[in-house]
Amino acid sequence: MRFATVSTPDGQLYGAVGDDGGFVALSPVFPQWASLRDVIAAGGLPDLARAAEGRAPTHRDFTYEIPVPDPEKILCVGVNFPDRNAEYKDGTTQPQYMSLFPRFARSFTGHDRPLIRPPENHTLDYEGEVAIVIGKGGRRIAAADAYDHIAAITLANEGTIRDWVRHAKFNVTQGKNWDNSGAIGPWLIPFTDAAQLDDARIVTRVNGEVRQDDTLSRMMFPIREEIAYISTFTTLVPGDIIITGTPTGAGARFDPPRYLVPGDVVEVEVGGIGTLRNTVEDEA
């Protein structure tokens, strides 16, 4: 079952996306839950799945939003694949601790919508990733128990203005948070089996050309460890999103760099989740 948040002529709704691409609005059926974040907090994804069974699509004219429109936190794990670490050419192998940075919800757009290249800088880059959505909150979560805290999984293109991540010595926040520079979606897939993450292969294409291709099993900091480490210093709550790390092959690492330009099409694909697709446009 695939759950999405969309904009329609009737306003913003959440519901299920069928195999034919039609959208079944479920938010009117569950008025007690204002958004998918509320659904997740209440453990309501199975209720949505039951309600969607056998229902005809209510909308075919809609626009995808990020699946959880109002997360308390979006935290991203950086440099989390061995080849990505080697790209930095600093002589290190496995770092002792993972790199983390925050992103704001408005820095992401939905599936089939354009990533926006700002006029101030044209080094817009792509990073295909798997994102997890916390279902059961907690603090100091043990790695062995971490998967019990995941409600759903989705995809992210963690779009970055590369020149702006170099503006300061100790952070990348300003290069990672330009409005609509990245994307999350298309939808949430309920997390029910460890193999959904442990066996996942992520592929990123630009205009049909494979740029990134790797498996989550090669991450230096597996998702269980990410949840354990992050929850050591901050309480994770339902709806929080962790964007888990990108493989090698981002545009900045080519010689010369291959940054995104208007008209490009970026696709991030993981079997069992789907394909997140976005075009690129200049800011109007």
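Over which ring does the charged end of Arg 103 sit? The ring is that of Phe 108, and the charged end of Arg 103 sits 4.2 Å from its centre. Please keep in mind as you look around that this is a predicted model. Two kinds of contact recur in this briefing: the structure holds eight aromatic pairs, and a search of the whole of it finds 20 salt bridges. Here is a short tour of some of them, with notes on where the partners lie and how buried they are.

**Aromatic pairs**

- Among the eight aromatic pairs is the one between Phe 23 and Phe 62, whose ring centres are 5.6 Å apart. The planes of these two rings meet at 45°, so the pair counts as tilted.
- Phe 23 belongs to strand β3 (residues 23–25), while Phe 62 is found in the loop between α2 (45–52) and β4 (63–64). The pair therefore ties together parts that lie 39 residues apart in sequence.
- Both Phe 23 and Phe 62 are buried.
- Tyr 64 and Trp 187 make another pair, with ring centres 6.3 Å apart. Because their planes are at 65°, this pair is edge-to-face.
- Tyr 64 sits in strand β4 and Trp 187 in strand β13 (residues 182–190), so here the parts tied together are 123 residues apart in sequence.
- Tyr 64 has a relative accessible area of 10%, which means that it is buried. Trp 187 also counts as buried, because its relative accessibility is 10%.
- Ring pairs join Phe 23, Phe 62, Tyr 64 and Trp 187 into a cluster.

**Charges over rings**

- Besides Arg 103 over Phe 108, you can look at Arg 258, whose charged end sits over the ring of Phe 254. The distance to the centre of the Phe 254 ring is 4.9 Å.

**A salt bridge between β8 and β18**

- One of the 20 salt bridges joins Asp 282 to Arg 117, and their closest N and O atoms are 2.7 Å apart.
- Asp 282 is in strand β18 (residues 274–282) and Arg 117 in strand β8 (residues 115–117), so-called distant parts of the chain, 165 residues apart.
- The two partners can be compared by burial: Asp 282 is partly exposed, at a relative accessible area of 35%, whereas Arg 117 is buried, at 10% relative accessibility.

**Salt bridges around Arg 162**

- Arg 162 forms a salt bridge with Asp 125, in which the closest N and O atoms are 2.7 Å apart.
- Arg 162 lies in the loop between β12 (160–161) and β13, and Asp 125 in strand β9 (residues 124–125), so this salt bridge ties together parts 37 residues apart in sequence.
- With a relative accessible area of 8%, Arg 162 is buried. Asp 125 is buried as well, with a value of 0%.
- Arg 162 also bridges to Glu 127, again with 2.7 Å between the closest N and O atoms.
- Glu 127 lies in the loop between β9 and β10 (128–134), and this pair links distant parts of the chain that are 35 residues apart. Like Arg 162, Glu 127 is buried.
- These residues take part in a network of salt bridges that links Arg 103, Asp 125, Glu 127, Glu 158, Arg 162 and Lys 176. Arg 103 thus brings us back to the opening question, as the residue with its charged end over the ring of Phe 108.

Notes:
Residues are numbered from 1 along each chain as its sequence is written. This is a predicted model: local features need pLDDT of at least 70, side-chain atom pairs count only at pLDDT 80 or more; totals for chains, interfaces and linings use all residues. Side-chain values use heavy atoms; hydrogens and water are left out. Rings of Phe, Tyr and Trp (its six-membered ring) pair if their centres lie within 6.5 Å; planes under 30 degrees apart count as stacked, over 60 as edge-to-face and the rest as tilted. Helices (H or I, at least four residues) and strands (E, at least two) are DSSP runs, numbered from the N terminus. Buried means under 20% relative accessible area, exposed over 50%, partly exposed in between (1.4 Å probe, protein chains only). A charge sits over a ring if NZ of Lys or CZ of Arg is within 6 Å of the ring centre and within 35 degrees of the ring normal. A salt bridge is a side-chain nitrogen of Lys or Arg within 4 Å of a carboxyl oxygen of Asp or Glu.
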